[in-house]
Amino acid sequence: MRGIEFYTTHFLICGNIDGKEKRGCKPSFSAKIHIERKDFIMKVTGIIAEYNPFHKGHKYQIDYCKKKLNSDYVIVAMSGDYVQRGTPALLPKHVRAEMALRCGADLVLEMPVSVSTASAEAFAMGAVSMLDGLRVTDYLCFGSEYGEVSALQELAAVLVSEPEE
C-alpha cells in the first residue's frame, strides 16, 4: 500500500477524511492526514466556495462530485469569516464548514482572508493555488449561474492558449 501524508497549519478547519465525524473543530490547528492508496487511483475533487449560506445547490454539487464524477474525496476551499466583497459571512466559518461536512464534503479548508476578500481574479488564483498546493487534488468542480457550458468552454480554450507573461 502506498500513502500520502500532508500537513497543514493554518488552513485546516475540520474534516472527516477518515470517515469519522469530527466535533469541536478549531479554526487554526496543526493536523497530519494520511490518505491510503490501495489498488486504485483515488479521485480527489476540489470545490471553491463561500457557502454564504450553504444551501441545497451546494449539497447537490458535493453529491454530483461523489456520484457522477466518482470522486473518492471532496475537498472544499472555503472563505472564512469574511467573503469576497469584504463583508462578514452570514454564519460563522465553523458552522458553514460543519454544514459542508455533514452534507458529504471530506475536508474543508479555510482560505486566507487576503484571498477570500480579494478581486475575483485573485480569489480564484489563491483558491486554485491552495488546492493545487495540497498535491492531491485531481479535479475542480464548480457551479455557474449562467447554465450554458459552451461559452465557458470557449473562454477556457482562449485562456489556455494565451501566452504567459
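Is K59 buried, exposed or partly exposed, and what is its relative accessibility? K59 counts as partly exposed, at 32% relative accessibility. That residue is a handy way into this predicted model, and we will come back to its partner after a look at the whole chain.

**The chain as a whole**

There are five helices and seven strands in the chain. Read from the N terminus, the elements follow the order β-β-β-β-α-β-α-β-α-α-β-α. The chain has 165 residues, and 38% of them count as buried. If you take the contacts between residues at least 6 apart in sequence, 72% of them join residues at least 24 apart. The accessible surface of the chain comes to about 10,300 Å², and carbon and sulfur atoms account for 56% of that area.

**Salt bridges**

Side chains of opposite charge can pair when their charged atoms come close. In this model the count of salt bridges comes to six. Three of them are set out here, each with the distance between its N and O atoms.

| Salt bridge | N to O distance |
|---|---|
| K59 and D63 | 3.0 Å |
| D81 and K93 | 3.9 Å |
| K93 and E110 | 3.2 Å |

Back to K59, then. Its salt bridge is with D63, and both residues lie in helix α1, four residues apart, or about one turn of the helix. D63 is partly exposed, with a relative accessible area of 22%. The cut-off for buried is under 20%, so D63 at 22% is partly exposed rather than buried.

The other two pairs in the table share K93, and D81, K93 and E110 are linked in a network of salt bridges. Where do the members of this network sit, beginning with D81 and K93? D81 lies in the loop between β5 and α2, while K93 lies in helix α2, so their salt bridge ties together parts that are 12 residues apart in sequence. E110 belongs to strand β6 (residues 107–110), so the pair of K93 and E110 ties together parts that are 17 residues apart in sequence.

The burial of the three residues is worth a look too. D81 is partly exposed, with a relative accessible area of 35%. K93 has a relative accessible area of 10% and is buried. E110 is buried as well, as is its partner K93.

**A nonpolar patch**

L90, L91 and V95 make a nonpolar surface patch of about 250 Å². One of these residues, L90, has its place in the loop between β5 (73–78) and α2 (93–102). That loop also holds D81. L90 is exposed, with a relative accessible area of 63%.

**The largest pocket**

Which residues are the closest to the centre of the largest pocket? The pocket itself holds about 1,600 Å³ of space. Of the 39 residues that line it, I48, C141, F142, G143 and S144 are the closest to its centre.

Several elements contribute to the lining. At least two residues each come from β4 (44–49), α1 (56–67), α4 (120–133), β7 (139–140) and α5 (149–161). Of these, α5 gives the most, with seven residues. Helix α1, one of the elements that supply the lining, is also the helix where K59 and D63 both lie, which brings us back to our opening residue.

Terms used:
Residues are numbered from 1 along each chain as its sequence is written. This is a predicted model: local features need pLDDT of at least 70, side-chain atom pairs count only at pLDDT 80 or more; totals for chains, interfaces and linings use all residues. Side-chain values use heavy atoms; hydrogens and water are left out. Buried means under 20% relative accessible area, exposed over 50%, partly exposed in between (1.4 Å probe, protein chains only). Contact means heavy atoms within 4.5 Å. Accessible areas come from the Shrake-Rupley method with a 1.4 Å probe; for residues, only the protein chains shown count as cover. Patches are made of residues with over 30% relative accessible area and no salt bridge: like charges are joined within 9 Å, nonpolar side chains (Val, Leu, Ile, Met, Phe, Trp, Tyr) within 5 Å. A salt bridge is a side-chain nitrogen of Lys or Arg within 4 Å of a carboxyl oxygen of Asp or Glu. On a 1 Å grid over the protein atoms alone, a cavity is a set of points where a 1.4 Å probe fits but cannot get out, and a pocket is an open set with protein on both sides within 12 Å along at least five of seven lines; lining residues have an atom within 4 Å of a point. Grid points are joined across faces, edges and corners, and a volume is the space filled by probe spheres set on the points.
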